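Take a look at this chain before reading on. Short questions and answers follow.

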Amino acid sequence: MLQRIQSIFMVCATACMIAILFIPIGKLPHFQQLNVMEHTPLLMATLISIFFPIYNLFQFKRRKQQIRICIYSILHYIIVMALAHYYVHEDPLTFSPAIILSKLTLGSLMPVAAIIFQILAIRNIIKDDKLVRSMDRFR
């Protein structure tokens, strides 16, 4: 149901994750860039994370399940970011801010934007649920 604002947020989250497929998500040594298409585990995690919001669009009558699927998709976005971090850094357990910031690209910020869109979708699903419950009281 595309009339609701949370559907637009879920479409934006999906667009962010689709963009990852075509935008490099990190800088590798020797001026190379990390593309999702080159690493099968990262590609599979990204494709699954694209599926969650699309499936969620058609669950508009089950708002509790929509919230649960949004939370699962946020967790999956975190997995995608962790996999990207693992592939970009030589020593993935090192969390030096200077090194991490030097290897960021536009594509590495897309999962963060998708997480923000999913959080906004959750907020609006909760508002929608409260509105529907208040309308049920008036009948």
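Buried means under 20% relative accessible area, exposed means over 50%, and partly exposed lies in between, with a 1.4 Å probe and protein chains only as cover. The model is predicted, so local features need pLDDT of at least 70 and side-chain atom pairs count only at pLDDT 80 or more, while totals for chains, interfaces and linings use all residues. Residues are numbered from 1 along each chain as its sequence is written, and side-chain values use heavy atoms, with hydrogens and water left out.

Q: Is Ala113 buried, partly exposed or exposed?
A: Ala113 sits in helix H5, residues 110-138. Its relative accessible area is 23%. Because of that value, Ala113 counts as partly exposed.

Q: How far apart are the C-alpha atoms of Ala113 and Tyr77?
A: Along the chain, Ala113 and Tyr77 are 36 residues apart. In space, their C-alpha atoms are separated by 10.0 Å.

Q: In what order do the elements of the chain run?
A: Helices (H or I, at least four residues) and strands (E, at least two) are DSSP runs, numbered from the N terminus. The chain has five helices and two strands. From the N terminus on, the order is α-β-β-α-α-α-α.

Q: What share of the accessible surface of the chain belongs to carbon and sulfur atoms?
A: Accessible areas come from the Shrake-Rupley method with a 1.4 Å probe; for residues, only the protein chains shown count as cover. The surface of the chain comes to about 8400 Å². Of its 139 residues, 42% are buried. The share of the surface that belongs to carbon and sulfur is 72%.

Q: What percentage of the contacts with a separation of 6 or more comes from residues 24 or more positions apart?
A: Contact means heavy atoms within 4.5 Å. Among contacts in the chain with a separation of 6 or more, residues 24 or more positions apart account for 73%.

Q: Is H1 roughly parallel or roughly antiparallel to H2?
A: Axes are lines fitted to C-alpha atoms, for helices over the stretch in contact, and angles run from 0 to 180 degrees between N-to-C directions. Angles under 35 degrees count as roughly parallel, over 145 as roughly antiparallel, 65 to 115 as roughly perpendicular and the rest as oblique. H1 (residues 5-20) and H2 (residues 40-57) pack at about 165 degrees, with axes 9 Å apart. That angle makes the pair roughly antiparallel.

Q: How many charged residues are in the contact of H1 with H2?
A: H1 brings Ser7, Met10, Val11, Thr14, Met17, Ile18 and Ile20, and H2 brings Thr46, Ser49, Ile50, Pro53, Ile54, Asn56 and Leu57. Ala, Val, Leu, Ile, Met, Phe, Trp, Tyr, Cys and Pro count as nonpolar, Asp, Glu, Lys and Arg as charged, and the others, Gly among them, as polar. The contact has nine nonpolar and five polar residues. The charged residues come to none: no charged.

Q: Which hand does the crossing of H2 and H3 have?
A: A crossing is left-handed if the near helix is turned anticlockwise from the far one by less than a right angle, and right-handed if clockwise. The axes of H2 and H3 (residues 63-88) come within 9 Å and cross at roughly 160 degrees. H2 and H3 are therefore roughly antiparallel. Their crossing is left-handed.

Q: How many nonpolar residues does the contact of H2 with H3 have?
A: On the H2 side are residues including Pro41, Leu42 and Phe52, and on the H3 side residues including Ile69, Tyr77 and Tyr87. By class, seven are polar and no charged residue appears. The nonpolar residues number 15.

Q: Is H1 roughly parallel or roughly antiparallel to H3?
A: The H1 and H3 axes lie 13 Å apart, at an angle of about 20 degrees. That angle makes H1 and H3 roughly parallel.

Q: Which residues of H3 meet Met10, Ala13 and Met17 of H1?
A: H1 and H3 cross with a left hand. Met10, Ala13 and Met17 in H1 meet four named partners in H3: Gln66, Cys70, Tyr77 and Val80.

Q: Which residues does Ser49 touch, not counting residues up to four places away in sequence?
A: Ser49 lies in helix H2. Ser49 counts as buried because its relative accessibility is 0%. With those sequence neighbours left out, Ser49 touches Met17, His76, Tyr77 and Val80.

Q: Is Leu43 buried or exposed?
A: Leu43 belongs to helix H2. Leu43 touches Leu21, Val36 and Met37, not counting residues up to four places away in sequence. At 18% relative accessibility, Leu43 counts as buried.
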